[in-house]
Amino acid sequence: MRILLWHVHGSWTDAFVRGRHEYLLPVLLEGGAWGLGRAGRDWPPSVREVDLATLDADAVDAVVLQRPEEIAEVSRLLGRTPGRDLPAVYVEHNTPKGNFPNTRHPLADQDSIPVVHVTHFNRLAWDNGSAPATVIEHGIPDPGHLYTGELAELGVVVNEPVRRGRVTGTDLLPAFASVAPLQVFGMKTDGLAAATGIDASRLAARGDLKTQELHRELARCRVYVHPMRWTSLGLSLLEAMHLGMPVVALATTEAPRAVPPEAGAVSADIDELLRCAQRLVANPDEARRRGAAAREAALERYNLGTFQDRWDELLADLRSRPRHSVNEHPDERILVPAPERKTP
């Protein structure tokens, strides 16, 4: 199939486009959220950059939506309405914001576009109404068992920890820094030590590294810390488990399902997590054993093959669904105005 999708979430897209189809990624001269294209990623030749303004509408077999505004954007540029005369599925990457647990999903109570949640918690947390909703869990391209744990330090991967604050558990980092020095990877980590009051000798802000370098450097840390309070299941956690790192994680959202007890510690008791982190830092052999358990669990549940198989099943079903005419199935209520475009 020829599948249209925007490059919105890099790590998820990295797994999705390694499937058995042809993937069309919109690109704009100015780039940005609506025209990122491949963004220099080392992806297969089956991933093609396209200009939606000149793309033949019949060249698209299905669209994978990730933002509500994309529905109107596809309709405007291709003249085909997702869910009506163009097979479509909507991927929900995020936990709901606002009035949880009463937050209505933007595609609730329509039946022309299935909603695919990336975690079981997300499906439970969103009010999907009568919309068809399912779960396809993450799949990770296996980076290999790279763990060395040679540094008696704690590794954390989080984007924009200063701005996001309590959402990402930034306020918990000083407690972990009292156990062992922190290495924090991710976008916009500059100023984190000052924002948290952690001495610079106890926190190294490593920034946004390329994937292979991130894996190599993260795997040198003795323990992976996942302090997220309210996010979907972070792919960095699954990558750390694939690397063979032992995990200390808050028992929030999907983490209790993803991390088995033998892989480290999953708890809402911060003191318990601190004790486990301290013990693992002091005991490299135990850390290595628990990291091996983490890798085994990740390979079983979050492997790339299972992810691709589930998506192939859904896409085949999507293609076989009958198309609706405007009179048969008017779903104007799910159409959202398209974003404004800047002239290059």
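**Close-up 1. Gly291 is a buried residue of this predicted model**. Its relative accessible area is 0%. A residue counts as buried under 20%, so Gly291 qualifies. Gly291 belongs to helix α11. Setting aside neighbours within four places in sequence, Gly291 makes contact with four residues: Met241, Gly244, Met245 and Pro246. Ala240 lies 51 residues away from Gly291 along the chain, yet 9.0 Å separates their C-alpha atoms.

**Close-up 2. Helix α11 covers residues 284–301**. The helix has 18 residues. From first C-alpha to last, α11 reaches 26 Å, close to the 26 Å expected at 1.5 Å a residue. Gly291 is one of the buried residues of α11. The others are Glu286, Ala287, Ala293, Ala294, Arg295, Ala297 and Ala298. Which elements do the buried residues of α11 pack against? They pack against β11 (221–226), α8 (235–243) and α10 (270–282).

**Close-up 3. One cavity of 30 Å³ or more turns up in a search of the whole structure**. Rolling a probe the size of a water molecule over the atoms reveals where empty space is left. The volume of the largest cavity is about 60 Å³. Which helix gives the most to the lining of the largest cavity? Helix α12 does, with five residues. Both α1 (10–16) and α12 (304–320) supply at least two lining residues each. Among the residues lining the cavity are Ala15, Phe16, Gly19, Arg20, His21 and Tyr23. Phe307, Gln308, Trp311, Asp312 and Leu315 also line this cavity. By class, the lining holds six nonpolar, three polar and two charged residues.

**Close-up 4. The second largest pocket has a volume of about 320 Å³**. Its lining is made of 15 residues. Which of them lie nearest the centre of the pocket? They are Val8, His9, Gln66, Arg67 and Asn94. The pocket lining includes six nonpolar residues and six polar ones. Three charged residues complete the lining.

**Close-up 5. Residues 325–333 have a pLDDT below 50**. Across the chain, the average pLDDT is 92. A score of at least 70 is reached by 93% of the residues. In the model, the stretch 325–333 has 15 contacts beyond near neighbours in sequence.

Note on methods:
Residues numbered from 1 in each chain as written. Predicted model: local features only at pLDDT ≥ 70, side-chain atom pairs only at ≥ 80, totals over all residues. Heavy atoms only, no water. Helix = DSSP H or I, 4+ residues; strand = E, 2+ residues; numbered from the N terminus. Expected span 1.5 Å × (residues − 1). Buried < 20%, exposed > 50% of the residue type's maximum accessible area, 1.4 Å probe, protein only. Contact = heavy atoms within 4.5 Å. 1 Å grid on protein atoms, 1.4 Å probe; cavity = no way out; pocket = protein on both sides within 12 Å on 5 of 7 lines; lining within 4 Å. Points joined across faces, edges and corners; volume = space filled by probe spheres on them. Nonpolar A, V, L, I, M, F, W, Y, C, P; charged D, E, K, R; others polar. pLDDT = per-residue confidence, 0-100.
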